[in-house]
Amino acid sequence: MPAHSHTTGQASLVVPIEAFTDNYIWAVVRDGWAVVVDPGQAQPVQDFLAGQGLRLRAILLTHHHGDHVGGVLDLLAQAPVPVYGPARESLPHCDFRLEEGDLVEIPELGLSLTVLDVPGHTAGHIAYAGHAGGAPLLFCGDTLFAAGCGRLFEGTPAQMHASLEKLGTLPEDTLVFCAHEYTLANLRWATTVEPANLTLQQWQAQARQMRADGRPTLPSSIGKEKDTNPFLRTQQAEVAKAAIGWAGHPLSSAVDVFAALREWKNNFK
């Protein structure tokens, strides 16, 4: 279901384009234009653009993994548009290499996004936070998921914890557009960490219904994640206690709690 930016006049829509088995390529759409985020496959994007009568205006990339960049060159072959991406990662193509504090403005779509460095999943991962003419939004790739976070392929627990804390300072009504439909599996783990969290239980029931209806569980919001995502709740006594119980030894800091949670999630079946 598209998330509308609330604005007078022509609003931008953020629409999920399904790719692979559980990826979402997010398309920001307005006035016949589209910007796509992390196109791991070209064909679903091309089909979407053709079906909606849209022209591609730009491509935004969050990190270098193939399921996020694999469609870039094929899309550029059809529409030579600017590609924005992380400064410190190797990408198939990138015109604007971005780091913390850089601004991406695409006026045709009312897009105004500030770049955040969020290493952890990969060493140079970035996120885009800002507006598409209305509600605040975040394109965070594989850093933050609904009730989860990305695996630490290249970064350290301290880096990922700091990245998530940074995202947690965004306005609570910020819509979170992450790149995978991992929500149900993440919630199954999160309710194991915090079985007494009623907000989490309600969200799990709602998410199950959404998936049963064939709807995406995304976008989430920063406020919802702060209430339900163990990785953003390392300072909560119940979360720390559960992490200590799983680790079997004392954990002296929020980073240690995070590291234990990440290891727990890695091994959760």
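UniProt positions are given here in the numbering of this structure, with shortened feature names, and the annotations may be inferred rather than shown by experiment. The structure is a predicted model, in which local features need pLDDT of at least 70, side-chain atom pairs count only at pLDDT 80 or more, and totals for chains, interfaces and linings use all residues. Residues are numbered from 1 along each chain as its sequence is written, and side-chain values use heavy atoms, with hydrogens and water left out.

**Exercise 1. The site with H63 and H65**

Task: State which residues UniProt places under "binding site" together with H63 and H65, and describe the surroundings of H63.

Solution.

Step 1. The unreviewed UniProt entry gives the feature "binding site" at H63, H65, H121 and D142. These residues are spread over 80 residues of sequence, but they cluster in space, with a largest C-alpha distance of 10.0 Å.

Step 2. The lining of the largest pocket includes H65, H121 and D142 of these residues. On a 1 Å grid over the protein atoms alone, a pocket is an open set of points where a 1.4 Å probe fits, with protein on both sides within 12 Å along at least five of seven lines; lining residues have an atom within 4 Å of a point.

Step 3. H63 lies in the loop between β5 (55-60) and α2, and H65 is in the loop between β5 and α2 as well. Helices (H or I, at least four residues) and strands (E, at least two) are DSSP runs, numbered from the N terminus.

Step 4. H63 is buried at 0% relative accessibility, and H65 is buried with a relative accessible area of 17%. Buried means under 20% relative accessible area, exposed over 50%, and partly exposed in between (1.4 Å probe, protein chains only).

Step 5. Not counting residues up to four places away in sequence, H63 touches D38, H68, V69, P86, E89, L91, H121, T122, H125 and D142. Contact means heavy atoms within 4.5 Å. With the same exclusion, H65 touches H121, T122, F153 and E154.

Step 6. The side chain of H63 also makes a polar contact of 2.9 Å with the side chain of T62. A polar contact is a pair of N or O atoms within 3.5 Å; within protein, one must be able to donate a hydrogen and the other to accept it, and residues adjacent in sequence count only if both atoms are side-chain atoms.

**Exercise 2. The site with D67 and H180**

Task: Explain why D67, H68, D142 and H180 gather at one spot, and determine whether D142 is buried or exposed.

Solution.

Step 1. Under "binding site", the unreviewed UniProt entry lists D67, H68, D142 and H180. They span 114 residues in sequence, yet no two of their C-alpha atoms are more than 10.6 Å apart, so they gather at one spot. From this set, D67, D142 and H180 belong to the lining of the largest pocket.

Step 2. D67 lies in helix α2 (residues 66-69) and is partly exposed, with a relative accessible area of 23%. Beyond four places in sequence, D67 touches F20, N23, D38, G40 and H180.

Step 3. D142 is in the loop between β11 (136-141) and β12 (144-145) and counts as buried at 4% relative accessibility. Its contacts, leaving aside neighbours within four places in sequence, include H63, H68, H121 and H180. The side chains of D142 and H68 are joined by a polar contact of 3.0 Å.

**Exercise 3. Aromatic pairs**

Task: Classify the ring pairs Y24 with W26 and W189 with F231.

Solution.

Step 1. Rings of Phe, Tyr and Trp (its six-membered ring) pair if their centres lie within 6.5 Å; planes under 30 degrees apart count as stacked, over 60 as edge-to-face and the rest as tilted. The count by this rule is nine aromatic pairs.

Step 2. Y24 and W26 form a tilted pair, at 5.4 Å centre to centre and 45° between the planes. Both Y24 and W26 are buried.

Step 3. W189 and F231 form a stacked pair, at 4.9 Å centre to centre and 25° between the planes. W189 lies in helix α5 (residues 183-193) and F231 in the loop between α7 (222-228) and α8 (237-247), so the pair ties together parts that are 42 residues apart in sequence.

Step 4. W189 is buried at 0% relative accessibility, and F231 is buried at 1%. Ring pairs link W189, F231, W246, F258 and W264 into a cluster.
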